[in-house]
Amino acid sequence: MKVFLNPGHHPGVDPGAVNNEYGVQEASIVRDIGVLVARYLTYAGVEVETLQSDNLVGESPMYPEVCASANESGADLFVSIHCNSAGSAMANGTETLVFGLGGKAERAARAIQNQLVTSIDTTDRGIKERPDLIVLRHTEMPAVLVEIAFISNDSDVELLIHEQDTIARAIARGVTDYFCGEE
Ligand SMILES: [Zn+2]
């Protein structure tokens, strides 16, 4: 089994959401978590290819295009990793996004979502349909986008900074749970 990991945004190019009070950027947090997820999946015998790039539809020719790279990779599952953000500092919790409900992507999303909310005890915001998202729409394999927690919320951002290993283990377990269920 092979997973294409896509930590969101692009350090130095596209920081994603930021929390200036804590001095952290989404792109760096998900890069670091992505390294750990790749390590735990590799330990579990899952092949991993990782690409963090802001090039979604060919708009940044200097960088690899995410969906095209994923589609060429032969991966069985695409996992994009992000932090959520909201204007209200009260918004918090974990959600996982899919192109549409009712298929393999939803099963993968539920497996990852369950592991995450159990491991880091965040609010369970559920699985949501987001057919507008390019990484979900233009990928040919089952694809999920994990919004681990809110970088804009004080207690969530503490998790994003201090519980990266726990988060990574949970995402990796969710992926292997999904693969076991599909066999
Ligand atoms: Zn993001």
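## From a buried glutamate to the sheet and the zinc site

Leaving aside residues up to four places away in sequence, E95 touches N84, Q113, R125, G126, K128, L145, V146 and E147. The model in which these contacts appear is a predicted one. E95 itself belongs to strand β6. Is this residue buried or exposed? With a relative accessibility of 8%, E95 counts as buried, because the limit for that class is under 20% relative accessible area. One of the residues that E95 touches deserves particular mention: the side chains of E95 and R125 are joined by a polar contact of 2.7 Å.

Strand β6 leads to the sheet as a whole. In what order do the strands of this sheet follow one another? The sheet is open, has 6 strands with mixed pairing, and is arranged as β4-β1-β5-β8-β6-β7. At its edges stand β4, residues 47-50, and β7, residues 124-129, and each of these two pairs on one side only. On average, neighbouring strands of the sheet are turned by 20 degrees against each other, direction ignored.

The pairing of β1 with β5 may serve as an example. These two strands run parallel and are joined by 5 bridges. Within this region, N6 stands opposite S80 in β5. Two helices can now be added to the picture. Helix α3, formed by residues 104-120, packs on the sheet and touches β5, β6 (94-98), β7 and β8 (143-150). The direction of α3 makes about 170 degrees with that of β6. Helix α6, formed by residues 164-182, also packs on the sheet, where it touches β1, β5 and β8. The direction of α6 makes about 150 degrees with that of β5.

The next subject is the metal site. Which residues coordinate the zinc ion? The ion is held by H9 through NE2, by E26 through OE and by H82 through ND1, at 2.1 Å. Along the chain, these donors follow the spacing H-x16-E-x55-H. H9 and H82 link distant parts of the chain, being 73 residues apart. H9 lies in the loop between β1 (2-7) and β2 (18-19), whereas H82 lies in strand β5, residues 77-84. H82 has a relative accessibility of 12% and therefore counts as buried.

The cysteines form a separate topic. How many disulfides does the structure hold? The number is 0. For C67, the nearest cysteine sulfur is that of C83, 19 Å away. A disulfide requires two cysteine sulfur atoms within 2.5 Å, so a pair separated by 19 Å does not qualify. C83 is likewise in no disulfide, and its nearest cysteine sulfur is that of C67. C67 is buried, with a relative accessible area of 4%. C83 also counts as buried, at 4% relative accessibility.

A final residue, I161, brings the reader to another helix. I161 is placed in helix α5, which comprises residues 154-162. Its relative accessible area is 28%, so I161 is partly exposed. Which residues does I161 touch, if those up to four places away in sequence are not counted? They are Y22 and V24. I161 and D32 are 129 residues apart along the chain, yet their C-alpha atoms are separated by 9.9 Å.

Technical notes. Residues are numbered from 1 along each chain as its sequence is written. This is a predicted model: local features need pLDDT of at least 70, side-chain atom pairs count only at pLDDT 80 or more; totals for chains, interfaces and linings use all residues. Side-chain values use heavy atoms; hydrogens and water are left out. Buried means under 20% relative accessible area, exposed over 50%, partly exposed in between (1.4 Å probe, protein chains only). Donors are N, O and S atoms within 2.8 Å of the metal (3.2 Å for Na, K and Ca); water is not among the atoms, so sites may look incomplete. Helices (H or I, at least four residues) and strands (E, at least two) are DSSP runs, numbered from the N terminus. Two strands pair if DSSP finds at least two bridges between them. Axes are lines fitted to C-alpha atoms, for helices over the stretch in contact, and angles run from 0 to 180 degrees between N-to-C directions. Contact means heavy atoms within 4.5 Å. A polar contact is a pair of N or O atoms within 3.5 Å; within protein, one must be able to donate a hydrogen and the other to accept it, and residues adjacent in sequence count only if both atoms are side-chain atoms.
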